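Please take a moment with the sequence and the structure before reading on. The paragraphs below go from the whole chain to a sheet and then to some aromatic rings.

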Amino acid sequence: MKSEVAIDQPEIWGPIQASESKRESPLPSRSFPTGVPPPLPPKNVPATPPRTGSPSAEGSGSSSPARPATPSGLTCNTPPPPPPRPASRPKLPPGKPGVSDMARSFSPPIHSSSPPPTAPLARAESTSSISSTNSLSAATTPTVGASRGPSPLTMGAQDTLPVAAAFTETVNAYFKGADPSKCIVKITGEMVLSFPAGITRHFANNQCPAVLTFCITNCSRLEHILPNPQLLCSNTSQPDAITKEFWVNMPNLMTHLKKVAEQKPQATYYNVDMLKYQVSSQGLQSTPLNLAVSWRCEPTCTDLRIDYKYNAEAMIVPVALNNVQFLIPVDGGVAKVQAVLPPATWNPEQHRILWKIPDLSQKSENGGVGSLLARFQLSEGPSKPATLAVQFTSEGSTLSGADIELVGAGYRFSLIKKRFAAGKYMAD
């Protein structure tokens, strides 16, 4: 039975918010500063232009043509003004913005030294996901998920770029009887960054983008942190720090993303492995699901009992274990399966019995503590005790408690996803 469970692929780039693009900038009341006389009109143009149907602005007697009137007032539904733009941005020419200007609220400003993107991001390209694929991979199937911020249709040279992060940890455990001292546990993890496909065009038009820098926080339980040597750099002067800072080799990242875009032009996002690590464990108390198996094997009958216990102490933030499956083979020529509690599925071809529990948590019956029972009538007994294999997944938390934060400007997290799952999770 395949022991790996694919990671959900949420849509991490959120809906578009166009609140900033619908507001009109107020017009100045005069064309020139107070006290400065207007320039003389050209000799071949009358000093006073003919009146038009629209109201003229104050000072219409000068040579400046009459401007369209500013709307008399704004309703209460008008969104609040955006934060002021940096002083380095050139101001747009005065006047009422047109429809085409409103649609370009995220585009580079007029007269910008950086050329605009060759084409705006399509909606399909701004819809991205994190999958369970390996390092330096791309995928094309977006699914539903939550987002922390809007995803612009067009990324300008000075806009923050959306990036998603995912922590995935795998817990491997072996239980021997009911002796907790014989429990062997190993927990490994990885951190993946996901980039929207349209970011390659942005990098093509901005050869010197801001350096992507981030910190891994809550590192006290992480061991043997291995950054991607082609893409990540770090400061090793504080090896025991709780927070570790990394920055991306941007030329190498741009080269890689360009190569992937050429190989898979239909991909909507690109997943890149950034970190691999191991989590320190303390035996039985580090396992989210404790197990114990007992057999009573006789020539004509075998009794099987599996005890399980949900262990919230193994998690920084207790979350439910989903799709829990218990699979164990039974030999000895099983002729009949009886007294199964709770109900299970017996596979006569593979001689295996399977229990499925949708979820286990502190809110489950008896706080997530229970037993699985079965009796098998045999024709070629006795049976030999076999190894139990268990699978489960969990979303929203990790066993290590590691997290990530951005350092500096230029990027934003649209989603930070955390999960863990059972790897080789067995009991004898």
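What percentage of the 428 residues of the chain count as buried? In this predicted model, the share that counts as buried is 39%. The chain contains 4 helices and 18 strands, and it exposes about 23,500 Å², of which carbon and sulfur atoms supply 56%. Among the contacts with a separation of 6 or more, 80% are between residues 24 or more positions apart.

With that overview in mind, we can turn to one sheet. Four strands form an open sheet in the order β9-β10-β15-β12, with antiparallel pairing. Because β9 (289–297) and β12 (334–341) stand at the edges and each has a single partner strand, one side of each is left without a neighbour in the sheet. From one strand to the next, the twist averages 15 degrees. Within this sheet, β10 (residues 301–310) and β15 (residues 369–378) pair in the antiparallel sense over 9 bridges, and Cys 301 stands opposite Gln 377 in β15.

The side chains add another layer, for the structure holds 5 aromatic pairs. One of them joins Phe 175 and Tyr 425, whose ring centres are 5.6 Å apart and whose planes meet at 55 degrees, so the pair is tilted. Phe 175 lies in strand β2 (residues 161–175) and Tyr 425 in strand β18 (residues 411–427), so that the pair links parts of the chain 250 residues apart. Both Phe 175 and Tyr 425 are buried, and ring pairs link these two with Phe 392 into a cluster.

Key. Residues numbered from 1 in each chain as written. Predicted model: local features only at pLDDT ≥ 70, side-chain atom pairs only at ≥ 80, totals over all residues. Heavy atoms only, no water. Helix = DSSP H or I, 4+ residues; strand = E, 2+ residues; numbered from the N terminus. Buried < 20%, exposed > 50% of the residue type's maximum accessible area, 1.4 Å probe, protein only. Contact = heavy atoms within 4.5 Å. Areas by Shrake-Rupley, 256 points an atom, 1.4 Å probe, with all protein chains shown as cover. Pairing = 2+ DSSP bridges. Axes fitted to C-alpha atoms, helices over the stretch in contact; angles between N-to-C directions. Phe/Tyr/Trp six-rings, centres within 6.5 Å; stacked < 30°, edge-to-face > 60°.
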